[in-house]
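Visitor: I have a few "how do you know" questions about the model on the screen. Could you take me through the reasoning?
Guide: Gladly, let's look at it together.

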Amino acid sequence: MRVRFAPSPTGIPHVGNIRTALFNWLFARHHRGSFIVRIEDTDIVRRVKGAVEAILDSLRWLGLDWDEGPEVGGDYGPYFQSQRLEIYQEVAQRLVQGGHAYLCYCSAERLEEMRREQVKRKQPPGYDRRCRNLSEKERADLEAQGIIPVVRFRTPLEGQVKFQDLIRGEVVFDSETLDDFVLLKSDGYPTYHLANVVDDHLMKVSHVLRADEWLSSTPRHMLLYHALGYGPPKFAHLPMILGSDRAKLSKRHGATSVIWYRDRGYLPQAMVNFLALLGWSLDDKTEIMSREELISNFSIERIGKTAAIFSQEKLAWMNGVYIRQLDIEELVEWLMPFLERGPPQRVKRPISRDYVRRIAPLLQERMRTLEEGVELADFFFLEELDYAPDLLLERGLSRERGVQALSAAMEHLKASSFDASSLEGVLRPLAAELGLKTGEFFGLLRVATTGRTAAPPLFETMAVLGRERCLKRIEEALERLK
RNA sequence: GGCGCAUUCGUCUAGGGGUUUAGGACACCUCCCUCUCAAGGAGGAGAUCGCGGGUUCGAAUCCCGCAUGCGCCA
């Protein structure tokens, strides 16, 4: 089996595009078939520089390796449609000669005018077929005017186009609702319809898994396959992924590119797992699945029919699950780059990996993304803490009691060993001695040592910070209270 | 405007004629654990299965209409 992911480089790929790629990839890997990447760069006006790299980067990040396509080549290349122009032109010519297509000389202005008229009369827009039956002479006249024609498909005027969709079942369209669509533009570039059909055939694609938005063009493709004498591939139209407003994903939805999630500290394995569950499910409860489990369980039969809304909340939760599954060394590996370029600019770099190794366990179950982890950890790296003095008394202590408690803590800490359990052994009795609830005392020390009311467990945190820094920070806290 | 597709908790979904007082997950709430925050555990609330007709002894599940949404056609 051979499947392909055929993106147009018209922008940064969003999660919907990549989910399509993922399903194709899962299908290929499940059946031990081939996963092909083909760049459909025939729309020169909408082409965006850097888009191809963004697409490839997205795939690479998620580990969706391709067997044929850009960079790796293959037996059916080239895999950029812009390098296959002659093929399409040749096919278009063949279609004209065979009577399945014809040359159209209508100007853009005329078509525009026609369309306006149709809309005004509330008729479905579509080419009025003026050039469908031009005589030799008429054509010669137009040609003599120097007009460069487009090639249009000679769509059957009646009958039906039927096909079996692997997800939707039988889909039927009346031919009369289809107009004579353009195959080859006047600049010699093919339209999506032509290039797509020709390449899927030439590249021996067996299954086309693509987004639902293409369902309406499928009858055109079927007609083309038929006219060309090609056997069509099997089709499976995937439910769309929508934004929170239920509209097709687009740039105005903001956070939709997978690159954005990568840069925000999401793990690729979490993204893959999450995306796989958008429109596909294994059963009524399994949610966390490894790449291997996804591959072995994936099947088109279990793809749903209804569009799904992309939920960042659930993705974040799942990412947290994956972060917690990492062993410390892996977590450190993921964290390092984020810490290196993370927020506090005052922190001196490079950052010590050994130090991070001690911090990571304290962060692990508190972060849903690596970026969150960095935010959580700032006080481990900052030289100077910055917080409002009132924070120290947040738990309702009086200033005097606060001063007294911090001073007592200082004294005891000077003598104590600085591992977590020793600290606990010293500090817990001290709270009782001071007549403070543990929450009050530890809360006070937490703010003093971290500048926060919420942080990882106090003793572990202090142990990592070390005696010197803790004493210095407590001292500073005392200043603040005075 | 035409055509197509879809419609189960706020969201992702299971479920495809009786096993369903419709199951799970996220989010939300409560409690437990607890030095805070998390994580974890136990509960809770949340869906007359879009609406209306049919078929059937019985329908979320099958059929037909309608509505709504989305998509394509420019």
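Visitor: Where does Val 258 sit, and what makes it count as buried or exposed?
Guide: Val 258 belongs to helix α8, residues 258-263. This is a predicted model, and the value computed for Val 258 is a relative accessible area of 0%. Buried means under 20%, so Val 258 is called buried.

Visitor: Which residues is Val 258 in contact with, leaving aside its neighbours within four places in sequence?
Guide: Those residues are Pro 13, Val 15, Ile 18, Ser 58, Trp 61 and Met 271. Contact here requires heavy atoms within 4.5 Å. Trp 334, 76 residues from Val 258 in sequence, has its C-alpha 17 Å from that of Val 258.

Visitor: What makes Asn 273 buried?
Guide: The reasoning has two steps. Asn 273 has 0% relative accessibility, and the limit for buried is under 20%, so the residue counts as buried. Asn 273 lies in helix α9, residues 268-276. Beyond four places in sequence, Asn 273 touches Glu 287, Ile 288, Met 289, Leu 294, Met 318 and Tyr 322.

Visitor: And why is Arg 349 called partly exposed?
Guide: Its relative accessible area is 29%. Buried would need under 20% and exposed over 50%, so Arg 349 is partly exposed. You will find Arg 349 in the loop between α12 (328-341) and α13 (353-364). Its C-alpha and that of Leu 362 are 21 Å apart, with their positions 13 residues apart along the chain.

Visitor: How do you know that α19 is largely enclosed by the rest of the structure?
Guide: Of the 8 residues of α19, 7 are buried, so the helix is largely enclosed. The buried ones are Leu 458, Phe 459, Thr 461, Met 462, Ala 463, Val 464 and Leu 465. Their cover includes α13, α15 (378-381), α16 (399-415), α17 (420-434), α18 and α20 (467-481). Just after α19 comes Gly 466, with a positive phi of about 90°.

Visitor: Which residues have the most contacts inside the largest nonpolar core?
Guide: They are Met 271, Leu 275, Phe 310, Phe 380, Phe 381 and Phe 441, in a core of 112 residues. Helix α1 (residues 15-30) gives the most to this core, with 9 residues. A second, separate core has 35 residues, including Leu 183, Val 198, Leu 215 and Ala 227. As for Phe 380, the residues it touches beyond four places in sequence include Thr 461, Val 464 and Leu 465, and those three are among the buried residues of α19.

Visitor: What is the secondary structure of chain A, and why is the chain called more spread out than a compact globule?
Guide: Chain A has 20 helices and 11 strands. Its radius of gyration is 32 Å, whereas the globule rule gives 23 Å for 482 residues, so chain A is more spread out than a compact globule. Along the principal axes, the C-alpha trace spans about 105 × 45 × 40 Å. Buried residues still make up 51% of the chain.

Visitor: Which residues come nearest to RNA strand B?
Guide: Of the 50 residues around the strand, Lys 248, Glu 287, Glu 365, Arg 446 and Ala 455 come nearest. Sugar and phosphate make up 77% of the strand's atoms within 4 Å of the protein. By class, this surface has 20 nonpolar, 9 polar and 21 charged residues.

Visitor: What makes the pair between Lys 314 and RNA strand B a polar contact?
Guide: A polar side-chain atom of Lys 314 is 3.0 Å from a base nitrogen of the strand. The cut-off for a pair of N or O atoms is within 3.5 Å, so this pair qualifies. Arg 366 has a side-chain N or O atom 2.6 Å from a base oxygen, and a polar backbone atom of Glu 365 is 2.3 Å from a sugar or linking oxygen.

Visitor: What is unusual about the phi of Glu 71?
Guide: Most residues other than glycine have a negative phi. Glu 71 has a positive one, near 75°. Glu 71 lies in the loop between α2 and α3, and at 57% relative accessibility it is over the 50% limit, so it counts as exposed. That loop also holds Pro 78, and the peptide bond from Gly 77 to Pro 78 is cis, with omega near 0°.

Key
Residues are numbered from 1 along each chain as its sequence is written. Chains are lettered from A and ligands numbered from 1 in the order in which they are written. This is a predicted model: local features need pLDDT of at least 70, side-chain atom pairs count only at pLDDT 80 or more; totals for chains, interfaces and linings use all residues. Side-chain values use heavy atoms; hydrogens and water are left out. A residue is near a molecule or strand if one of its heavy atoms lies within 4 Å of it. A polar contact is a pair of N or O atoms within 3.5 Å; within protein, one must be able to donate a hydrogen and the other to accept it, and residues adjacent in sequence count only if both atoms are side-chain atoms. Ala, Val, Leu, Ile, Met, Phe, Trp, Tyr, Cys and Pro count as nonpolar, Asp, Glu, Lys and Arg as charged, and the others, Gly among them, as polar. A nonpolar core is a set of buried Ala, Val, Leu, Ile, Met, Phe, Trp, Tyr and Cys residues joined through side-chain atoms within 4.5 Å. Buried means under 20% relative accessible area, exposed over 50%, partly exposed in between (1.4 Å probe, protein chains only). Helices (H or I, at least four residues) and strands (E, at least two) are DSSP runs, numbered from the N terminus. The radius of gyration is taken over C-alpha atoms; the globule rule is 2.2 Å times the number of residues to the power 0.38.
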